[in-house]
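Visitor: I should like a close look at one part of this protein, together with its surroundings. Which residues does UniProt list for "active site", and where are they placed?

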Amino acid sequence: MTQKLLFVCLGNICRSPAAEGLVRDLCPEVETDSCGTGAWHVGEPPYGPMQAAAAARGTDLSDLRARQFTRGDFDRFDLILVMDHDNRANVEALRPSGNTTEVKLFAEYAGQAGVSEVPDPYYTRDFDGCLDLLEEAAAGLKRAL
Ligand code: 4NP
């Protein structure tokens with residue numbers, strides 16, 4: 001059965017679309033999507049500086065469009081990968097009763113001691129550092145699938 005993976009961040013214009021783009025390039029056999037817990041950027045493409053940084057390393061994010069996480073996502077995906085603890089709390093608050101879909105911190109797949117969150121480059125402005133961590137996590141996820 002095809003694995004369906006959902007990447008979640010806050011705005012769905014930086015971290016989760018970048019994670020989605022990297023994983024769909026690395027693991028074309030899995031189905032991917034991404035979304036944000038917030039609604040500010042619904043319908044927008046990924047943030048320009050993030051698109052440019054991803055394109056510079058060969059990953060095209062230009063077709064992606066932001067949407068907001070909904071409780072129905074729990075039933076549509078096999079694994080939900082969040083970028084930070086706030087994302088996890090916001091997602092868990094919408095879990096339908098009886099649903100057992102796993103929610104994991106994507107950064108933990110990078111296997112770096114003490115790193116459980118992907119810092120938000122919308123605020124840090126470190127788009128390349130973000131992509132470095134997301135690439136490590138994508139490689140770890142591929143090994144775990
Ligand atoms: P993301 O970054 O969660 O990695 O997409 C953000 C982008 C925009 C906003 C927040 C986070 N915002 O509030 O507009």
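Guide: What follows begins with the listed site and then turns to the helices and to some single residues.

The model is predicted, and local features need pLDDT of at least 70, side-chain atom pairs count only at pLDDT 80 or more, and totals for chains, interfaces and linings use all residues. Residues are numbered from 1 along each chain as its sequence is written, and side-chain values use heavy atoms, with hydrogens and water left out.

In an unreviewed entry, UniProt lists Cys9, Arg15 and Asp120 for "active site". These three are spread over 112 residues of sequence, yet they cluster in space, with a largest C-alpha distance of 8.9 Å. UniProt positions are given in the numbering used here, feature names are shortened, and annotations may be inferred rather than shown by experiment. The same caution applies to the annotation "domain: Phosphotyrosine protein phosphatase I", also from an unreviewed entry, which covers residues 3-144. That span is 39% helix and 14% strand, and its end C-alpha atoms lie 12 Å apart. Helices (H or I, at least four residues) and strands (E, at least two) are DSSP runs, numbered from the N terminus.

Consider the listed residues in turn. Cysteine 9 belongs to strand β1, residues 4-9. With a relative accessible area of 2%, cysteine 9 is buried; the term means under 20% relative accessible area, while exposed means over 50% and partly exposed lies in between (1.4 Å probe, protein chains only). Leaving out residues up to four places away in sequence, cysteine 9 touches Arg15, Ser16, Pro17, Cys35, Gly36, Thr37, Met83 and Asn87, where contact means heavy atoms within 4.5 Å. Arg15, one of these partners, is itself on the UniProt list.

Aspartate 120 sits in the loop between β4 (102-105) and α5 (121-124). Aspartate 120 is also buried, at a relative accessible area of 16%. Apart from neighbours within four places in sequence, aspartate 120 is in contact with Cys14 and Arg15. Arg15 is thus in contact both with cysteine 9 and with aspartate 120.

Asparagine 12 lies in the loop between β1 and α1. Its phi is near 60°, a positive value in a residue other than glycine. Most residues other than glycine have a negative phi. Asparagine 12 is buried, with a relative accessible area of 2%. Arginine 125, in the loop between α5 and α6, likewise has a positive phi, near 70°. At 43% relative accessibility, however, arginine 125 counts as partly exposed.

The next topic is the packing of helices. Two packed helices are described by the angle between their axes and the distance between the axes. Here axes are lines fitted to C-alpha atoms, for helices over the stretch in contact, and angles run from 0 to 180 degrees between N-to-C directions.

Helix α1 (residues 15-26) and α6 have axes that come within 9 Å and cross at roughly 45°. This angle makes α1 oblique to α6; angles under 35 degrees count as roughly parallel, over 145 as roughly antiparallel, 65 to 115 as roughly perpendicular and the rest as oblique. Arg15 takes part in this contact on the α1 side, where the other residues are Ala18, Ala19, Leu22, Val23 and Leu26, and α6 contributes Cys130, Leu131, Leu134, Glu135, Ala138, Ala139, Leu141 and Lys142. The residues of this contact comprise 11 nonpolar, no polar and 3 charged. In this count Ala, Val, Leu, Ile, Met, Phe, Trp, Tyr, Cys and Pro are nonpolar, Asp, Glu, Lys and Arg are charged, and the others, Gly among them, are polar.

Helix α6 (residues 127-144) also meets helix α2 (residues 48-56): their axes come within 9 Å and cross at roughly 55°. These two helices are therefore oblique to each other. The contact joins Pro49, Met50, Ala53 and Ala54 of α2 with Phe127, Asp128, Cys130 and Leu131 of α6. Its residues divide into 7 nonpolar, no polar and 1 charged.

A last pair of residues illustrates two surroundings. Isoleucine 80, in strand β3 (residues 79-82), is buried at 0% relative accessibility. Its contacts beyond four places in sequence include Leu6, Val8, Phe69 and Val103. Valine 42, in the loop between β2 (31-36) and α2, counts as partly exposed at 47%. Valine 42 touches Ala66, Arg67 and Gln68, again not counting residues up to four places away in sequence.
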